[in-house]
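This report concerns aromatic contacts and empty space in a protein. Please examine the structure shown here before reading on.

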Amino acid sequence: MLAPMTKTLLVTGATSGFGRATVERFVAGGWRAVACGRRADRLDELVRAHGEANVCPCVFDVRDEAAMRAAIHALPAPFDALDLLVNNAGLALGTAPAQRADLAQWKQMIDTNVTALVTLTHTLLPRLVARRGAIVNVSSIAATYPYPGGNVYGGTKAFVSQLSLGLRSDLHGTGVRVTSIEPGLAETEFTLVRTGGDRGASDSLYAGAHPMTGADIAESIWWVANLPPHLNVNRLELMPVSQSFAGFQIHRQPGDPA
Ligand code: NDP
Ligand code: 8X3
């Protein structure tokens, strides 16, 4: 009997949260992983834990197109034969209402969550088409449900969700699968980053909520990627049971007639 071929995935944002858990889940399942991020020490930890044959560190800032291209170009065999791209690197910055938001933070979210994601996808598409591979884009419930202070973050994730559907259309007939994963509350470094390092704010958001974990999201990515090749999950929305929907807000003017 022929041994099953080892597949390779590339995960952005592999130094933390969903990305790190995804690398760990896929390596445990027999894949090899290209693990990307800016914090080289964390990528080295992954290599030490799982071995050089299974994890290839790839250090670059996703917003730096030249660095990204150089890093992808330098991938050694067999890590250059990609079967799956997980576009996971991303962030939210701030929770201020639009009228008080910091424009630099808005631009950083757009540069990271949108521009870098499309640049890397465009770069890797020929390889993915050649191997009838797959793309998993990490979007968010914020793509669909607005909330106060979500403004540009939600906008970037709506882009990611809609781009995923558009890619499905364009890749029709190529065998390449595309999925948008849309998680809600999950405990990672996400809130620490969003609040500029406010550990108290992060801890109190998750306290008592039994949020999802990186491992939960990694498991859903694993499931999507390992379905039979004739099946495509277009979008997958996940929340912890503790999270659900609230109503619309209504601002009442004191003294206004009914
Ligand atoms: P983390 O903050 O734990 O991880 C974010 C990852 O993105 C890190 O590995 C970080 O790597 C990487 N990253 C951020 N900016 C850059 C950059 N400029 N260049 C390279 N890498 C970058 O958060 P999560 O794991 O929660 O977030 C992963 C994705 O999931 C994001 O897209 C987020 O929007 C999305 N998401 C998160 C949810 C949650 O509740 N946690 C819910 C829904 C979606 P490094 O800093 O080392 O470069
Ligand atoms: C992260 C989930 O609800 O904080 O994308 O926007 S939320």
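The text below treats the aromatic rings, then a pocket, and finally the cavities of this predicted model.

**Aromatic contacts**

A pair of aromatic rings is described by the distance of the centres and the angle of the planes. The structure contains 5 aromatic pairs. One of them joins phenylalanine 26 to tryptophan 31 in an edge-to-face arrangement, with 5.0 Å from centre to centre and 90 degrees between the planes. Phenylalanine 26 and tryptophan 31 are both buried. Together with Trp222, Phe26 and Trp31 make up one aromatic cluster. Tryptophan 222 also takes part in a contact with a charged side chain: the charged end of arginine 25 lies over its ring, 4.3 Å from the ring centre.

**The second largest pocket**

The second largest pocket encloses about 310 Å³ of space. Its lining comprises 15 residues, of which Lys7, Arg132, Gly133, Arg177 and Pro229 are the closest to the pocket centre. Sorted by class, the lining of this pocket consists of 7 nonpolar, 3 polar and 5 charged residues.

**Cavities**

Rolling a probe the size of a water molecule over the atoms shows where empty space is left. Across the whole structure, 3 cavities of 30 Å³ or more are found. Volumes and lining classes for two of them are set out below.

| Cavity | Volume | Lining residues by class |
|---|---|---|
| Largest cavity | about 60 Å³ | 5 nonpolar, 4 polar, no charged |
| Second largest cavity | about 40 Å³ | 7 nonpolar, 1 polar, 1 charged |

Which residues line the largest cavity? They are Thr12, Val62, Asn87, Asn88, Ala89, Thr112, Ala116, Leu117 and Leu120. Helix α4, spanning residues 103-130, contributes the most to this lining, with 4 residues. No charged residue belongs to the lining of the largest cavity.

The second largest cavity is bounded by Leu84, Ala134, Ile135, Val136, Arg177, Val178, Thr179, Val224 and Ala225. Two or more residues of this lining come from each of β5 (134-138), β6 (177-183) and α8 (214-225). Arg177 is found in the lining of the second largest cavity, and Arg177 is also among the residues closest to the centre of the second largest pocket.

Terms used: Residues numbered from 1 in each chain as written. Chains lettered and ligands numbered in written order. Predicted model: local features only at pLDDT ≥ 70, side-chain atom pairs only at ≥ 80, totals over all residues. Heavy atoms only, no water. Phe/Tyr/Trp six-rings, centres within 6.5 Å; stacked < 30°, edge-to-face > 60°. Buried < 20%, exposed > 50% of the residue type's maximum accessible area, 1.4 Å probe, protein only. Lys NZ or Arg CZ within 6 Å of the ring centre and 35° of its normal. 1 Å grid on protein atoms, 1.4 Å probe; cavity = no way out; pocket = protein on both sides within 12 Å on 5 of 7 lines; lining within 4 Å. Points joined across faces, edges and corners; volume = space filled by probe spheres on them. Nonpolar A, V, L, I, M, F, W, Y, C, P; charged D, E, K, R; others polar.
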